[in-house]
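Reader: I am new to this structure, and I would like to go through the terms used for it one by one. Please show it to me, and then set each value against its definition.

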Number of protein chains: 2
Amino acid sequence: MPNEIARDSGKPRYLQIADDLADQIRAGVLAPGSRVPSESTVMERYGVSQGTVRKAVAELRTAGLVETHHGRGSFVRQLPPVRRKSSDRFRRSHRANGKAAYLAEAEQAGQHPTVQVLYIGPVHAPAEVAHRMNLPDGERVLARRRRYFSDGTPTEEATSYLPWTVATEIPELFDENPGSGGIYARLEEHGHALAEYVETVRARLATKAEVSALQLSPGSPVIHLVRDAVTCGGRVVEVCDTVMAADRFVLDYRIDADG
Amino acid sequence: MPNEIARDSGKPRYLQIADDLADQIRAGVLAPGSRVPSESTVMERYGVSQGTVRKAVAELRTAGLVETHHGRGSFVRQLPPVRRKSSDRFRRSHRANGKAAYLAEAEQAGQHPTVQVLYIGPVHAPAEVAHRMNLPDGERVLARRRRYFSDGTPTEEATSYLPWTVATEIPELFDENPGSGGIYARLEEHGHALAEYVETVRARLATKAEVSALQLSPGSPVIHLVRDAVTCGGRVVEVCDTVMAADRFVLDYRIDADG
DNA sequence: CAGTGGTCTAGACCACCAT
DNA sequence: TGGTGGTCTAGACCACTGG
């Protein structure tokens, strides 16, 4: 039985209902994956109108407790385990076993990773990418766009950009699977020894495209990460643009205190 | 004059209105800081009811284009310039001029930084902090809680935690201003030479407390950063927990490709 | 088909802010 | 005080999902 709703309390009714439902979710009365009572049920149970119930459920949605599907209902979210992205995931020594960074990390976390290649081919460099590579705006570059899944649910979408002159040196970069150790191994084999990576981290709300690509609820935050791969000669030979569901990742960075 | 609203288009009316207003904002017809037409004005202009207008404005709010104040109206947001947080901001060499990291960075960005000290004193270590410092849960630690402003608007709230035994060695840690170079300089002067920092980055939606502390709109994303300061002996002598408005910061990290 | 969520209206009352 | 946004209702119709 639900808690009673105080008709006169200072708190809006829709928030009282949202809190009540949230408590039931946290207490396990509403288990992960189970259906939240339908709008009409909640209307009757608390004696409120549909609009009020909808605002309550909207609260649960933006709190990330619930996801709702038109015509089916709202369901308690079962969050996929959070994955860590460690700043040493691109160390050469980790390439020894031949795994690409993503697969190695995911498997270590006990998950079943999948990669879907969306596009490999030439594109005009977006402004930010061209700037980072020190190329003219709109210059032709190789794009490698792919979507990553863990246990079947999409978690991340990434696009790598490489200067066209670099890409044509390395046929494997046009393959869906660039081979053991990933594209960084291929770059280094072809004389582009890497000195460092520079990562830029932003967070923002997901765009509509990202909401559908990553199966998010509208209003969810994403982490937007852009990484430059810099050679010993100071040249940026790859820019990787990644968008991740914010609630599925934690990023770790080690920073030397140096002198 | 506003674009006409197609009564029959597939798109919901509230989204058409939201897009129309968003266009006016982006085109500068509605300038930053200016008032969005009141609900009743919009109702009349587009011939819709209040509920529809409210949903439209809610869209603009979650898109970060507008902020609304009860009894006053909705206003086009003027975003403070984005600030970069570089991973080398804690280098010892940067402490030579005596500035703390935050002030040095903000001034370099041409902004007027302010710090407000909220609390300095003992607290029971939160679980995550205790774990990182390898202390028993709830152990007494020194907390230094402060809020940072740039040009008067709050951008970030941070709490540093230090083991009580370390804190009592260093009287300056109980002062509002810990002196030239900040608390890291004090720690190193007292025999805690720092080897590295480990930063953990998450993004999520702001809690209600954060919404009010950082003057955000509900549903805004924040960046949550937790940093350990690790001595050469491997001891964590400080944990700094920071919450930033996501739209005001970009984080930069350099990662050695190493061997 | 019945049941679900999604949109919309017309009208009411309240809470906040300025004057 | 009048104007603003915030909550709520009762009822309507539409769009999607499932059996």
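Author: Let me begin with the polar contact, which is a pair of N or O atoms within 3.5 Å; within protein, one must be able to donate a hydrogen and the other to accept it, and residues adjacent in sequence count only if both atoms are side-chain atoms. In this structure, a phosphate oxygen of DNA strand D is 2.8 Å from an N or O atom in the side chain of R54(B), so this pair meets the cut-off of 3.5 Å. The model is predicted, and local features need pLDDT of at least 70, side-chain atom pairs count only at pLDDT 80 or more, while totals for chains, interfaces and linings use all residues. Residues are numbered from 1 along each chain as its sequence is written, chains are lettered from A and ligands numbered from 1 in the order in which they are written, and side-chain values use heavy atoms, with hydrogens and water left out.

Reader: What makes T52(A) and K55(A) partners of a phosphate oxygen of DNA strand D?

Author: An N or O atom in the side chain of T52(A) lies 2.4 Å from a phosphate oxygen of DNA strand D, and for K55(A) the corresponding distance is 2.8 Å; both are polar contacts because the limit is 3.5 Å.

Reader: How do you know which residues are near DNA strand D, and which come nearest?

Author: A residue is near a strand if one of its heavy atoms lies within 4 Å of it. DNA strand D has 22 residues around it, of which R13(A), S49(A), T52(A), K55(A) and E39(B) come nearest. Of the atoms of DNA strand D within 4 Å of the protein, 73% belong to sugar or phosphate.

Reader: What makes a contact with DNA strand C one to a base or one to a phosphate, as for Q50(B) and K55(B)?

Author: The atom on the DNA side decides the wording: a base nitrogen of DNA strand C is 3.4 Å from an N or O atom in the side chain of Q50(B), whereas for the side chain of K55(B) the partner is a phosphate oxygen, 2.8 Å away. R13(B) uses a backbone N or O atom, which lies 2.4 Å from a phosphate oxygen of DNA strand C.

Reader: Why are 14 residues of the surface near DNA strand C called polar?

Author: Ala, Val, Leu, Ile, Met, Phe, Trp, Tyr, Cys and Pro count as nonpolar, Asp, Glu, Lys and Arg as charged, and the others, Gly among them, as polar. By these classes, the surface near DNA strand C has three nonpolar, 14 polar and six charged residues.

Reader: Why is the pair R254(A) and E196(B) called a salt bridge?

Author: The term requires a side-chain nitrogen of Lys or Arg within 4 Å of a carboxyl oxygen of Asp or Glu. For R254(A) and E196(B) the closest N and O atoms are 2.5 Å apart, so the pair qualifies, and the count between chain A and chain B is two salt bridges.

Reader: How do you know that β7(A) pairs with β10(B)?

Author: Strands are DSSP runs (E, at least two residues), as helices are (H or I, at least four), numbered from the N terminus, and two strands pair if DSSP finds at least two bridges between them. β7(A) and β10(B), residues 249–256, pair in the antiparallel sense over six bridges, and in β10(B) the bridge partner of Y197(A) is I255(B).

Reader: How many residues of chain A are in contact with chain B?

Author: With contact meaning heavy atoms within 4.5 Å, 32 residues of chain A are in contact with 32 residues of chain B.
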